[in-house]
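User: Could you take a close look at the strands of this model and at the side chains that link them? I would like one connected account that also says where the coordinates deserve caution.

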Amino acid sequence: MKKLFTIALLGAAALSFNAAHAHGDAKPRHGGVVQTAADLSFELVGGADGATIYVEDHGKPLDSAGMKGRLTVLNGAEKSEAELKPAGDNRLEARGVKLAKGSKAVVALSTPQQKTITVRFTVK
């Protein structure tokens, strides 16, 4: 009886483990770093003059219209901040920040529904 219970418990645990990853893939689509928060996926991509955040909801692009926020980047002891603004489709852009390998970045974002989301990244 104990063996049967153990097998059933392990089987249920294995099934729930796979279901936890079914909300979309965490693979970068634009060459950046992906994190998940509030059931959404965020990809941070560095550029020559700033950074871009791509937002997806279960693998589908989420319109960034009405979103706004702030990107804070820590490069060692150096801190820089920039406003995030919608840039069409599912993109938000921040100008004037530089992402380097090992940088820590924090995105504080508000949605049109007045929901605040915080996402933390480490640049690889």
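Analyst: What follows starts with confidence, then goes through the paired strands, the salt bridges and one buried loop residue.

This is a predicted model, and the mean pLDDT of the protein chain is 86, with 80% of its residues reaching 70 or more. Confidence is lowest in helix H1, residues 2–20, where the mean is 51, and it is highest in strand S7, residues 91–95, at 98. Over residues 16–24 pLDDT stays under 50, and for this stretch the model has three contacts beyond four places in sequence. Where pLDDT is low, the predicted coordinates should not be read in detail.

Turning to the strands, S5 (residues 68–75) pairs with S6 (residues 78–86) in the antiparallel sense over seven bridges, and Leu71 has Ala82 of S6 as its bridge partner. Two residues lie between the strands of this hairpin, where Gly76 takes a positive phi near 65 degrees. S5 also pairs with S8 (residues 104–110), again in the antiparallel sense and over seven bridges, with Lys68 standing opposite Ser110 in S8. S8 in turn pairs with S9, antiparallel and over seven bridges, and within that pairing Val106 has Arg120 of S9 as its bridge partner. The hairpin of S8 and S9 has five residues between the strands, and in it Gln114 takes a positive phi near 65 degrees.

In a regular strand the side chains alternate between the two faces of the sheet. Strand S9 (residues 116–122) shows this alternation, for Ile117, Val119 and Phe121 point to one face and are buried, whereas Thr116, Thr118, Arg120 and Thr122 point to the other face and are not buried. Arg120, the partner of Val106, therefore belongs to the face of S9 whose side chains are not buried.

The structure holds five salt bridges, and one of them joins the side chains of Arg95 and Asp49, at 2.8 Å from N to O. Because Arg95 lies in strand S7 and Asp49 in the loop between strand S2 (40–47) and strand S3 (50–57), this pair ties together parts that are 46 residues apart in sequence. Asp49 counts as partly exposed, since its relative accessibility is 46%. Arg95 forms a salt bridge with Glu93 as well, the closest N and O atoms being 2.8 Å apart, and Asp49, Arg91, Glu93 and Arg95 are linked in a network of salt bridges.

Another salt bridge connects the side chains of Glu81 and Arg70, at 3.8 Å from N to O. This pair links distant parts of the chain, with Glu81 in strand S6 and Arg70 in strand S5, eleven residues apart. Glu81, at 40% relative accessibility, counts as partly exposed, and so does Arg70, at 38%.

The last residue to consider is Asn90, which lies in the loop between S6 and S7. Its relative accessibility is 8%, and because buried means under 20%, Asn90 counts as buried. Leaving aside residues up to four places away in sequence, Asn90 touches Ile53, Tyr54, Val55, Glu56, Pro61, Leu62 and Ser64. Asn90 and Ala65 are 25 residues apart in sequence, while their C-alpha atoms are 8.1 Å apart in space.

Notes. Residues numbered from 1 in each chain as written. Heavy atoms only, no water. pLDDT = per-residue confidence, 0-100. Helix = DSSP H or I, 4+ residues; strand = E, 2+ residues; numbered from the N terminus. Contact = heavy atoms within 4.5 Å. Pairing = 2+ DSSP bridges. Salt bridge = Lys/Arg side-chain N within 4 Å of Asp/Glu carboxyl O. Buried < 20%, exposed > 50% of the residue type's maximum accessible area, 1.4 Å probe, protein only.
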